[in-house]
Amino acid sequence: MTAQPTDIATYNFAYLDEQTKRMIRRAILKGIAIPGYQVPFASREMPMPYGWGTGGVQVTASIIGPDDVLKVIDQGADDTTNAVSIRAFFKKVANVAVTTETAKATIIQTRHRIPEHPLSAGQVLVYQVPIPEPLRFLEPRETETRKMHALEEYGLIHVKLYEDIAKHGRIATTYAYPVKVEGRYVMDPSPTPKFDNPKMHRSPALQLFGAGREKRIYALPPFTDVVSLDFEDHPFEVQTFDQPCALCAAENVYLDEVILDDHGGHMFVCSDTDHCEKRREQGHRGHLAPEIPLALEKTEPAQ
Amino acid sequence: MDIVTQAIEGGFADPVFDAQTVFRAVMDAMARPGKLQPLPVFTRPPTPLSATAGAIALALCDNDTPLWLDPALQASATVKSWLGFHTGAPLANTPADAHFALIATPAEMMALDGFSQGTQDYPDRSTTLILEVSDLVSGAPLLLEGPGIEKTATIAPAQMPRHFVEQWKQNNQRFPRGVDIILATSEAIACLPRTTRIKTMEA
């Protein structure tokens with residue numbers, strides 16, 4: 001494919017220069033070879049602030065090709081600022097097709113959710129990670145946490161979970177719930193709700209994690225054992241909801257609370273907007289679903 | 001053709017997209033060990049460097065990555081100047097300094113533990129070996145399991161290093177340290193990351 005005579009010609013394909021891509025690509029390969037280990041990389045300044053997904057954007061920019069179809073979600077939603085901006089960014093600098101449909105995407109960049117629709121073998125899930133080090137709030141020194149990973153010394157994180165039980169009677173960690181990868185590295189699954197942790201276990205998709213500010217990349221190859229830490233008498237449990245989605249009546253999905261007025265009115269809706277829209281198209285209706293049917297453009301081809 | 005012309009010609013026709021295609025094939029192969037990833041011919045390096053190994057080198061190596069060449073490649077001044085011209089990668093003084101090693105004759109190669117294994121703190125600082133093999137079906141079959149493999153996978157690469165199964169077992173035991181291998185045939189690649197275990201076949 002030759003570059004189009006458009007305004008993208010002033011950038012290299014996918015924004016990053018080739019040497020940067022090679023450096024990130026090498027880090028990704030090492031990450032895949034050592035599942036759960038955080039590979040340091042020379043994170044670049046991106047045209048968005050740290051905290052807006054610069055790590056995920058750099059990973060996506062390094063793997064994306066002209067034939068890819070990109071989906072970007074922010075807390076499960078395709079239509080929030082972060083998701084829309086990053087999707088527009090890649091439409092501009094890589095000229096790729098974008099979609100909101102989970103099943104049609106080849107690369108899904110995500111902030112803090114794993115889609116409800118099961119991922120398939122050809123897909124790559126790219127996580128935006130703020131703090132990649134699961135031990136960071138227990139031990140602030142990088143030299144020490146590195147040694148702890150090297151020696152597989154994870155007692156501290158079990159103490160943290162135990163303190164939860166001592167204080168609250170249960171493990172009160174609800175997001176960024178630590179996992180153990182292939183029985184070796186303890187890994188931060190990024191601030192996804194622990195509801196999503198079981199989806200990481202032996203997923204057929206490749207999962208890549210990019211932390212831009214903290215300059216770390218890590219990965220989970222497909223079919224990798226990802227076990228949430230717990231205790232025999234306090235086994236790992238995911239959140240449950242006592243009511244279905246107010247728009248599509250879905251159960252056993254992750255719900256967001258939406259405030260409706262200043263009199264305490266609220267509703268619970270699917271956090272995964274694509275999943276919710278799909279269900280409503282199929283005729284599922286919750287008790288607050290609007291009468292007007294949806295008519296949304298889901299996929300935009302490359303120009 | 002003189003050495004200068006041979007050193008300059010035969011690189012990526014379209015560096016950005018060729019490198020991306022090659023990398024994606026390597027990434028998919030690394031994520032799914034033992035699964036063959038087809039790769040079209042992108043480069044025409046001087047012999048004995050194969051087109052596939054040359055393409056992988058061009059996609060991943062640059063002036064940050066010291067390269068080690070096995071004696072067969074080391075003997076060819078053209079190969080060295082071709083890699084130098086297209087990647088800018090310096091040659092490593094010893095295998096333990098190399099980020100990548102290109103091996104044209106794996107059957108005669110040195111032991112895996114001679115390459116950089118990384119450290120316990122930084123296991124990523126290890127050598128990635130690119131082995132040129134003639135095919136992945138005619139050698140001794142290797143039954144693989146580990147991350148990236150749903151149940152088991154089988155490849156049978158030809159001309160593998162001596163005592164490879166035993167060497168690979170030792171490589172597994174060094175985890176998280178250890179080397180990763182990219183097997184390159186003329187039309188496909190397959191990977192053996194350090195997490196992949198070779199199950200001995202029951203007779």
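**Exercise 1. Confidence and conventions**

What is the mean pLDDT of chain B, and what share of its residues reach 70 or more?

Solution. The mean pLDDT (the predictor's confidence in each residue, from 0 to 100) of chain B is 94, and 98% of its residues reach 70 or more. For the complex, the predictor gives an ipTM of 0.96 and a pTM of 0.94. This is a predicted model, in which local features need pLDDT of at least 70 and side-chain atom pairs count only at pLDDT 80 or more, whereas totals for chains, interfaces and linings use all residues. Residues are numbered from 1 along each chain as its sequence is written, while chains are lettered from A and ligands numbered from 1 in the order in which they are written.

**Exercise 2. Chain A as a whole**

Describe the secondary structure and overall dimensions of chain A.

Solution. Begin with the elements: chain A comes to seven helices and 13 strands, where helices (H or I, at least four residues) and strands (E, at least two) are DSSP runs numbered from the N terminus. The radius of gyration of chain A, taken over C-alpha atoms, is 20 Å, close to the 19 Å that the globule rule (2.2 Å times the number of residues to the power 0.38) gives for 303 residues, so chain A is as compact as a globular protein of that length. Its C-alpha trace spans about 60 × 55 × 35 Å along the principal axes. Finally, 48% of the 303 residues count as buried, meaning that 20 or more other C-beta atoms, placed from the backbone, lie within 10 Å of the residue's own.

**Exercise 3. Helix α7 and Tyr254 of chain A**

Why is helix α7 of chain A largely enclosed by the rest of the structure?

Solution. Helix α7(A) covers residues 273-281, and seven of its nine residues are buried, so the helix is largely enclosed. The buried residues include Thr273(A), His275(A) and Cys276(A), together with the charged-named positions Lys278(A), Arg279(A) and Arg280(A). Strand β12 (266-270) of chain A is included in what covers them. Just after the helix, Gly283(A) takes a positive phi of about 100°.

Turn next to Tyr254(A), which lies in the loop between β10 (226-228) and β11 (255-259) of chain A. Tyr254(A) is buried, with 23 other C-beta atoms within 10 Å. Beyond its neighbours within four places in sequence, Tyr254(A) is in contact (C-beta atoms within 7 Å) with Gly76(A), Pro193(A), Phe195(A) and Ser271(A).

**Exercise 4. The sheet of chain B**

In what order do the six strands of the open sheet of chain B run?

Solution. The order is β1-β8-β7-β4-β3-β2, with mixed pairing; two strands pair if DSSP finds at least two bridges between them. The edge strands, each paired on one side only, are β1 (37-38) and β2 (67-69). Within the sheet, β3 (residues 100-103) and β4 (residues 128-132) of chain B pair in the parallel sense over four bridges, and the bridge partner of Ala101(B) in β4(B) is Leu129(B).

**Exercise 5. The contact between the chains**

How many residues does the contact take from chain B and from chain A?

Solution. The contact takes 29 residues from chain B and 31 from chain A. On the chain B side, α2(B) gives the most, with 12 residues. By class, that side has 15 nonpolar, five polar and nine charged residues, where Ala, Val, Leu, Ile, Met, Phe, Trp, Tyr, Cys and Pro count as nonpolar, Asp, Glu, Lys and Arg as charged, and the others, Gly among them, as polar.

Technical notes: A residue is buried if 20 or more other C-beta atoms lie within 10 Å of its own, exposed if 12 or fewer, and partly exposed in between; C-beta atoms are placed from the backbone. Two residues are in contact if their C-beta atoms, placed from the backbone, lie within 7 Å.
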